[in-house]
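Here are some worked exercises to try with the coordinates open beside you. Have a go at each task before reading its solution.

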Amino acid sequence: MFKIIEKEFLSENVARFIIEAPYIAKSRKAGHFIILRIDENGERIPLTISDASIEKGTITLIAQRVGVSSHKLCAMNAGDYILDVVGPLGKATHISNVGTVLCAGGGVGVAPLFPIVQAMKLAGNRVITVIAARNKDLVILEDKMREYSDELIIMTDDGSIGKKGLVTQGMEEVILREKINEAIVIGPAVMMKFAALTTKKHNIPTLASLNTIMVDGTGMCGACRVSVGGKTEFVCIHGPEFNAHEVNFDEMLSRLNAYKEKESENYSEYLESLEAVSV
Amino acid sequence: MESELNEEYYKKERKAEWRDKLRKEIKSKDRTNIPKIHMIEEDPLVRNKSNIEVNKGLTLELAMQESHRCLDCVSPTCIIGCPVGTNIPKFIKYLESGDILGAAKVLKENNSLPAICGRVCPQEIQCEAQCFYVKKLSGEGAAIGHLERFVADYDRENSDGTIPHLEEPNGIKMAVIGSGPAGLTVAGELAKFGYDVTVFEALHDLGGVLKYGIPEFRLPKSIVDYEINNIKKMGVKFVTNFIVGKTATIDDLKNEGFNAFFIASGAGLPNFMNIPGENFSGIQSANEFLTRVNLMNAGNDKFDTPVHSGKNVVVVGGGNTAMDSVRTAKRMGAERAIIVYRRSLEEMPARAEEIKHAIEEGIEFINLTSPVEFFANERGIVQKMRVQKMGLGEPDASGRRRPIPIEGSEYDIDVDSVVIAVGVSPNPIIQQSMPELETTKWNTIKVDENMMTSIPGLFAGGDIVRGGATVILAMGDGRKAAQGMHSFIKNKILVEA
């Protein structure tokens, strides 16, 4: 059982949790993720570790409400217990001083991007961060990102904060302005696909952190497999970060939708059941 | 896989007065005339729609009848066939004498999981293949597996779960990595020696492949839990959600006072075929399919985990895992649940019993056929599978005839989902976290004759050493490793003293 120490909503559908998990807090590095299961009937869901405190023995997770399981998670509060949390999983990000690093995050992908921005900055890099959201209310971690970035650019679809436009436009602006040695992109698969195309055009080595469907998270099932450079790789043990220019994002998108019909059906039923209870 | 036969010991035991008397009650010739019993099975058309156990077990009468068949041979070759060296004639004769709980004690001397082995061991190629009836009379071997199950089940239902004799606790901490058959065996054996044992399990539930892999209809989870509970009663501690090599390293655990380690992390890395379209949705490894259904209860409305199954399900492969998958698909409501296997039924590695059960349950077999490509609908979900017919050539390294593709024989099969059951590779997590640990070119961990790895104090066994093998071979490794770990600690104490 893993106790939720703190919980707050960062935006309407995105919640941040601080969870007691001392072993994971001690072992985790930037890029690592965990798998959790809320209760006996729950799914195993992968979530990137957004932050951790060794002293307090806690990890920070950020989750977006998209289906039954994430809805149930976001309904939990400080003092509640999550039945299972296991990790840290995946390979840690390779952090070194390469010069100037461009970090781009879209939507809730900003959460897993934060520990990488932080580690890259602490390793002595010049860090330029571009974060994107549909509108002002959906922008998360702005202050934390600003703290560890030499420059923070915010892009919104409606221009309600920062600049109006897509994440790729913000990236392009930086790339045209100065020499970028490495880029890291995290967000929805579509966003990563286009962000990778942007950096490829300019021959900038780029990593993408993939968020695929998983069951065990230890290499056992292969649900998370993706094609990278024409080779099948398991995100859970070979990733989650891969050369963004070699990832087959179209295949990944299609695999992410593997259970879409079933999931949206379950979610509607679940939401209806909640309403029935509240009436 | 064969254990040594300590003939003197078995002969001495065989001369015990009660056994001598029992042997003389029925003449050997009369014993050989008793017909072999058969397992009572659930109706195939009932069982293929539910998860009830296929083999229902023996009645007391059937078990006694079969116990009479055992000749209590001077040289019990059956024991050679058992990877954990169970004293087979002794337990059968206890059963024949009516002391069933005594028979259970004999089983537990060498085997901490008899109710499991009685269900999933391939006895027909192990103990039963070495039986006097098979070797000398060209007949059918004693039904040792069925009797083992009977005795273990009787013990579970009629005793308070007595645990074996334990040495005085010595306070020495030992770590076991993985709670599958190898890990559970080591844990039980080390507890008997008096060690303070902790088992670390990566998943949220205990039992490893016994839980996520083998389906309920072949091995009920309640039986696995019962056996694990007995090991808990022996003082063994279990920690779930803990991945050694990730949550903490072996060095971290050494700092916490653990003195020796047993790595039993299993063959948890599924193989794929690397053919076009294999990453379409709806194509999953047997590990994924079985884990979703067995561990996560997918298909049960109360649980949130989904699974791809459907009306037409093809399972590629011919091993026990393929049979488990295809029979599971049938139970999930498939109208056509099909095995596609590249060799013929004769070469199929699955147990004869599993193949027989599958055929009875309405599983289709498309043998001498291999997939070449998959096709998907507009949403990327698999829809069709192109297969090619195969002929059989000369025997290959495995001794089985090599399949040879027949050009121009391709045709398509409609599918709603596909399960790939073409084997597994060793899980790489421990090896990734310890680059100094020596491995083979197949990424299995190298061990010596005592199951010790290249790092002193670090032992390994089961599928992480063997690649994909069986429950009982993993348990055999566990017994050997526990001995090795015990000697290692004794020597260490001597050196330090």
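**Exercise 1. Is Tyr148(A) buried or exposed, and which ring does Tyr148(A) pair with?**

Step 1. Start with accessibility: the relative value for Tyr148(A) is 19%. Buried means under 20%, so Tyr148(A) counts as buried. Please keep in mind that this is a predicted model.

Step 2. Now look for ring partners. The count of aromatic pairs over all chains comes to 10. One of them is formed by Phe114(A) and Tyr148(A), with 5.8 Å from centre to centre and 70° between the planes. Planes over 60 degrees apart count as edge-to-face, and that is the class of this pair.

Step 3. Place both rings in the chain. Phe114(A) belongs to helix α3 (residues 110–122) and Tyr148(A) to helix α4 (residues 142–148), both of chain A. They are 34 residues apart, and the pair links distant parts of the chain. Phe114(A) is buried too, at 1% relative accessibility.

**Exercise 2. Classify the pair of Phe234(A) and Phe272(B), and find where each ring lies.**

Step 1. The centres of Phe234(A) and Phe272(B) are 6.2 Å apart and their planes make 80°, which is edge-to-face.

Step 2. Phe234(A) sits in strand β15 (residues 231–234) of chain A, while Phe272(B) is in the loop between β7 (269–270) and β8 (283–285) of chain B, so this pair joins two chains.

Step 3. Check the burial of each: Phe234(A) is buried at 5%, and Phe272(B) is buried at 14%.

**Exercise 3. Which residues form a cluster through ring pairs, and which charged end sits over the ring of Phe258(B)?**

Step 1. Following the ring pairs gives a cluster of Tyr23(A), Phe200(B), Phe242(B), Phe258(B) and Phe261(B).

Step 2. Turn to Phe258(B): the charged end of Lys173(B) sits over its ring, 4.6 Å from the centre.

**Exercise 4. Test the length of helix α16 (residues 320–331) of chain B against its expected span, then describe its surroundings.**

Step 1. At 1.5 Å a residue, the 12 residues of this helix should span 16 Å. The sum uses one less than the number of residues.

Step 2. The end C-alpha atoms are 16 Å apart, which agrees with the expectation.

Step 3. Of the 12 residues of α16(B), 10 are buried, so the helix is largely enclosed by the rest of the structure. The buried residues include Met323(B), Val326(B) and Arg331(B).

Step 4. Arg331(B) also lies over the face of Phe217(B), at 3.7 Å from the ring centre. After the helix comes Gly333(B), with a positive phi near 105°.

**Exercise 5. What is the strand order of the open sheet of 5 strands in chain B, and which helix packs on the sheet?**

Step 1. The order is β5-β4-β3-β6-β18, with parallel pairing.

Step 2. β5 and β18 (458–460) stand at the edges with a single partner strand each, so one side of each has no neighbour in the sheet.

Step 3. On average, neighbouring strands of this sheet are turned by 20° against each other, direction ignored.

Step 4. Helix α20 (residues 471–496) of chain B packs on the sheet and touches β3 (173–177), β6 (260–263) and β18. The direction of α20 makes about 165° with that of β6(B).

Step 5. Zoom in on one pairing: 3 bridges join β4 (residues 196–200) to β5(B), and the two run parallel. Here Phe200(B) stands opposite Val239(B) in β5(B).

**Exercise 6. Look at the backbone: which bonds are cis, and where does phi turn positive outside glycine?**

Step 1. In chain A, a cis peptide bond joins Gly87(A) and Pro88(A), with omega about -5°. Pro88(A) is in strand β7 (residues 84–89).

Step 2. Another cis bond joins Gly239(A) and Pro240(A), with omega about 10°. Pro240(A) is in the loop between α7 (235–238) and β16 (241–243).

Step 3. In chain B, Asn241(B) has a positive phi near 55°, and Asn241(B) is buried at 7%. Leu368(B) has a positive phi of about 50°, and at 28% it counts as partly exposed.

Note on methods:
Residues are numbered from 1 along each chain as its sequence is written. Chains are lettered from A and ligands numbered from 1 in the order in which they are written. This is a predicted model: local features need pLDDT of at least 70, side-chain atom pairs count only at pLDDT 80 or more; totals for chains, interfaces and linings use all residues. Side-chain values use heavy atoms; hydrogens and water are left out. Helices (H or I, at least four residues) and strands (E, at least two) are DSSP runs, numbered from the N terminus. Buried means under 20% relative accessible area, exposed over 50%, partly exposed in between (1.4 Å probe, protein chains only). Rings of Phe, Tyr and Trp (its six-membered ring) pair if their centres lie within 6.5 Å; planes under 30 degrees apart count as stacked, over 60 as edge-to-face and the rest as tilted. A charge sits over a ring if NZ of Lys or CZ of Arg is within 6 Å of the ring centre and within 35 degrees of the ring normal. Two strands pair if DSSP finds at least two bridges between them. Axes are lines fitted to C-alpha atoms, for helices over the stretch in contact, and angles run from 0 to 180 degrees between N-to-C directions. Contact means heavy atoms within 4.5 Å.
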